[in-house]
Amino acid sequence: MGKKLLLVEDDIVFSKLISKFLDKNGFEVSDAKNGKDALQIMDADHFELAILDYRLPDMNGLEVLTLLKEKSPKAKVVLMTRFGEEAAAKAIGAGADAFISKPINPEELLEVVNRLQ
């Protein structure tokens, strides 16, 4: 069994692609489509890694990041977004360990996640 990873992404097709890719690369992925689902999953389990979309339908990735860090302060977090440098600065300021811009190259994402382990 690989490291537990929480993926929070509202684009279902993209989420499935990334989940499958990470699963094949040794991660046990739980995925959430929005912040509410992510919070329920976090209540039920502990995660060492999380990949969060910045813009979600019900809250933003920074809010999820803050709540995740409260529950699991040592969890490593990658924030992904299409919204550039300002979002990256906010993410790092809020405690994200890495930032990646969309569109995502799966190999680049894997490299970032592996570096955080």
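Where is Ser72 found? In this predicted model, Ser72 sits in the loop between α3 and β4 (76-81). We'll come back to that residue after a look at the whole chain.

**The overall picture**

The protein has five helices and five strands. Read from the N terminus, the elements go β-α-β-α-β-α-β-α-β-α. As for dimensions, the C-alpha trace spans about 35 × 30 × 25 Å along its principal axes. A compact globule of 117 residues would have a radius of gyration near 13 Å, and the protein comes in at 12 Å, so the two agree. Of the 117 residues, 44% are buried. If you take the contacts between residues at least 6 apart in sequence, 59% of them join residues at least 24 apart.

**Two helix pairs**

To describe two packed helices, you give the angle between their axes and the distance between the axes. Here is how that works out for two pairs in this model.

| Helix pair | Axes come within | Crossing angle |
|---|---|---|
| α1 (residues 12-24) and α5 (residues 106-116) | 11 Å | roughly 55° |
| α2 (residues 35-44) and α3 (residues 61-71) | 11 Å | roughly 5° |

Start with α1 and α5. Their axes cross at roughly 55°, and the two helices are therefore oblique to each other. The crossing in which α1 passes α5 is right-handed. On the α1 side, the contact is made by Ile18, Phe21 and Leu22, while α5 brings in Pro106, Glu107, Leu109 and Leu110. Sorted by class, that gives six nonpolar residues, no polar ones and one charged residue.

Now for α2 and α3. Their axes cross at roughly 5°, which makes α2 roughly parallel to α3, as angles under 35 degrees count that way. Helix α2 puts Gly35, Ala38, Leu39, Met42 and Asp43 into the contact, and α3 answers with Val64, Leu67, Leu68 and Lys71. By class, this contact has six nonpolar, one polar and two charged residues.

**Back to Ser72**

Is Ser72 buried or exposed? Its relative accessibility is 7%, so Ser72 counts as buried, the cut-off being under 20%. Leaving out residues up to four places away in sequence, Ser72 touches His46 and Phe47. There is also a link back to α2 to look at: the C-alpha atoms of Ser72 and Met42 are separated by 9.0 Å, with their positions 30 residues apart along the chain. Met42 is one of the α2 residues that make the contact with α3.

**Phe27 and its neighbours**

Phe27 belongs to strand β2 (residues 27-32). Phe27 has a relative accessible area of 4%, so this residue is buried too. Which residues is Phe27 in contact with, leaving aside its neighbours within four places in sequence? The list is Gly2, Lys3, Leu5, Leu22, Leu49, Leu110, Val113, Asn114 and Gln117. Two names there should ring a bell: Leu22 of α1 and Leu110 of α5 also take part in the contact between those helices. As for Leu6, its C-alpha atom is separated from that of Phe27 by 9.7 Å, and the two residues are 21 apart along the chain.

**Ala44, out in the open**

Ala44 is found in helix α2. With a relative accessible area of 69%, Ala44 is exposed. Pick Ser101 as a reference point and the C-alpha atoms of Ala44 and Ser101 turn out to be separated by 29 Å, for residues that are 57 apart along the chain.

**One peptide bond to check**

Before you set anything up, have a look at the bond between Lys102 and Pro103. That peptide bond is cis, with omega about 0°. Pro103 lies in the loop between β5 (98-101) and α5, and α5 is the helix that crosses α1 at roughly 55°.

Definitions and conventions. Residues are numbered from 1 along each chain as its sequence is written. This is a predicted model: local features need pLDDT of at least 70, side-chain atom pairs count only at pLDDT 80 or more; totals for chains, interfaces and linings use all residues. Side-chain values use heavy atoms; hydrogens and water are left out. Axes are lines fitted to C-alpha atoms, for helices over the stretch in contact, and angles run from 0 to 180 degrees between N-to-C directions. Helices (H or I, at least four residues) and strands (E, at least two) are DSSP runs, numbered from the N terminus. Angles under 35 degrees count as roughly parallel, over 145 as roughly antiparallel, 65 to 115 as roughly perpendicular and the rest as oblique. A crossing is left-handed if the near helix is turned anticlockwise from the far one by less than a right angle, and right-handed if clockwise. Contact means heavy atoms within 4.5 Å. Ala, Val, Leu, Ile, Met, Phe, Trp, Tyr, Cys and Pro count as nonpolar, Asp, Glu, Lys and Arg as charged, and the others, Gly among them, as polar. The radius of gyration is taken over C-alpha atoms; the globule rule is 2.2 Å times the number of residues to the power 0.38. Buried means under 20% relative accessible area, exposed over 50%, partly exposed in between (1.4 Å probe, protein chains only).
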